[in-house]
Amino acid sequence: MGKPHGLAGEVYVVRISDDPLRFEPGASLIHDRKGELVIDEVRGHNDRLLVKFRGIDTREQAEGLRGALFVTPDDLRELDESEFWEHDLVGLTVVTSDGSAVGEVTAVINGPQDLLEVSTNTGLRYVPVVKEIVVAVDLEAGRITLDPPAGLLD
């Protein structure tokens with residue numbers, strides 16, 4: 001969550017959630033320092049949202065809201081079988097289709113093409129998250145299987 005907008009307690013929020021109901025009036029979000037916040041009003045503003053939370057009525061109050069917003073695990077939406085939460089992927093062991101060890105996922109980098117950051121014995125490697133390369137994700141086994149093109153892991 002970013003800086004305040006105006007004098008009435010609105011703040012800029014960059015939306016990273018794909019849940020269409022996440023920013024509806026009445027929805028609850030958890031602030032990393034302030035605890036639960038309930039959305040009172042929301043409107044689009046360029047590529048961000050302007051959000052007014054209940055009980056935040058001044059610019060000074062809004063100034064104290066800079067930080068991260070998240071939801072509790074109970075509020076996460078159901079995922080399709082081919083979708084995964086980023087935090088579930090970090091820490092997984094990465095192997096190739098023939099079983100050779102590659103390393104461990106240390107981060108997921110979001111962008112036009114999401115990437116797995118993989119720590120290997122020879123440094124960090126960045127693997128595009130596409131079905132032709134990331135051929136299997138087994139959360140129970142703690143493993144991601146890759147079929148990398150030549151040179152990707154060099």
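**Group meeting: a walk through the strands**

Okay, let's start with the order of things: from the N terminus on, the elements of this protein run β-β-β-β-β-α-β-α-β-β-β-β-β-β. Counted up, that comes to two helices and twelve strands. And before anyone asks, this is a predicted model.

Overall shape next. A compact globule of 154 residues would have a radius of gyration near 15 Å, whereas this protein has 20 Å. Put a box around the C-alpha atoms along the principal axes and you get roughly 60 × 25 × 25 Å. How much of the protein counts as buried? Of the 154 residues, 30%. The accessible surface is about 9,400 Å², and carbon and sulfur atoms own 50% of that.

For those of you who think in charges: there are 15 positive and 29 negative ones, and their mean positions sit 10 Å apart. On contacts, take those between residues at least 6 apart in sequence; 46% of these join residues at least 24 apart.

Now the first sheet I want to show you. Which order do its strands come in? The order is β1-β2-β5-β4-β3-β6, six strands in an open sheet, with antiparallel pairing. The edges are β1, residues 4–5, and β6, each of which pairs on one side only. A quick reminder on what pairing is: strands of a sheet pair through backbone hydrogen bonds, either parallel or antiparallel.

Let's go through this sheet pair by pair. Strand β2, residues 10–13, pairs with β5 in the antiparallel sense over four bridges. If you want to click along, E10 has K52 in β5 as its bridge partner, and V13 has L49 in β5.

On to β4, residues 35–45, and β5, residues 48–53: those two run antiparallel with six bridges joining them. Here R43 has L50 in β5 as its partner, and G44 has L49 in β5. So L49 turns up twice: it is the bridge partner of V13 and also of G44.

Is β5 enclosed or open to the outside? Five of its six residues are buried, so β5 is largely enclosed by the rest of the structure. Remember that buried here means under 20% relative accessible area.

The connection between β4 and β5 is a hairpin with two residues between the strands. One residue to look at there is N46, which lies in the loop between β4 and β5. Its phi is near 55°, a positive value in a residue other than glycine. Buried or exposed, this N46? N46 is exposed, because its relative accessible area is 73% and the cut-off for exposed is over 50%.

Then there's β3, residues 28–31, which runs antiparallel to β4 with four bridges between them. S28 stands opposite V38 in β4. This is a hairpin as well, with three residues between β3 and β4.

One general thing to keep in mind while you rotate the view: in a regular strand the side chains alternate between the two faces of the sheet.

Let's leave the sheet for a moment and look at W85. Where is W85? In the loop between β6, residues 69–70, and α2, residues 86–89. W85 counts as partly exposed, because its relative accessible area is 24% and that class runs between the 20% and 50% cut-offs. Leaving out residues up to four places away in sequence, W85 touches L76, R77 and L79. G67, by contrast, is 18 residues away along the chain, and its C-alpha is 21 Å from that of W85.

Last stop, further along the chain: β8, β9 and β10. Strand β8, residues 101–109, and strand β9, residues 115–120, pair in the antiparallel sense over five bridges. V105 stands opposite V118 in β9, and the hairpin that β8 and β9 form has five residues between the strands.

From there, β9 goes on to β10, residues 123–128: six bridges join the two, again antiparallel. L116 stands opposite V127 in β10. How many residues does the hairpin from β9 to β10 pass through? Two.

If you take away one picture, make it the six-strand open sheet, with the largely enclosed β5 in it and the exposed N46 in the loop between β4 and β5.

Technical notes:
Residues are numbered from 1 along each chain as its sequence is written. This is a predicted model: local features need pLDDT of at least 70, side-chain atom pairs count only at pLDDT 80 or more; totals for chains, interfaces and linings use all residues. Side-chain values use heavy atoms; hydrogens and water are left out. The radius of gyration is taken over C-alpha atoms; the globule rule is 2.2 Å times the number of residues to the power 0.38. Buried means under 20% relative accessible area, exposed over 50%, partly exposed in between (1.4 Å probe, protein chains only). Contact means heavy atoms within 4.5 Å. Accessible areas come from the Shrake-Rupley method with a 1.4 Å probe; for residues, only the protein chains shown count as cover. Lys and Arg count as positive and Asp and Glu as negative; His and the chain ends are not counted. The place of a charge is taken as NZ of Lys, CZ of Arg, CG of Asp or CD of Glu. Two strands pair if DSSP finds at least two bridges between them.
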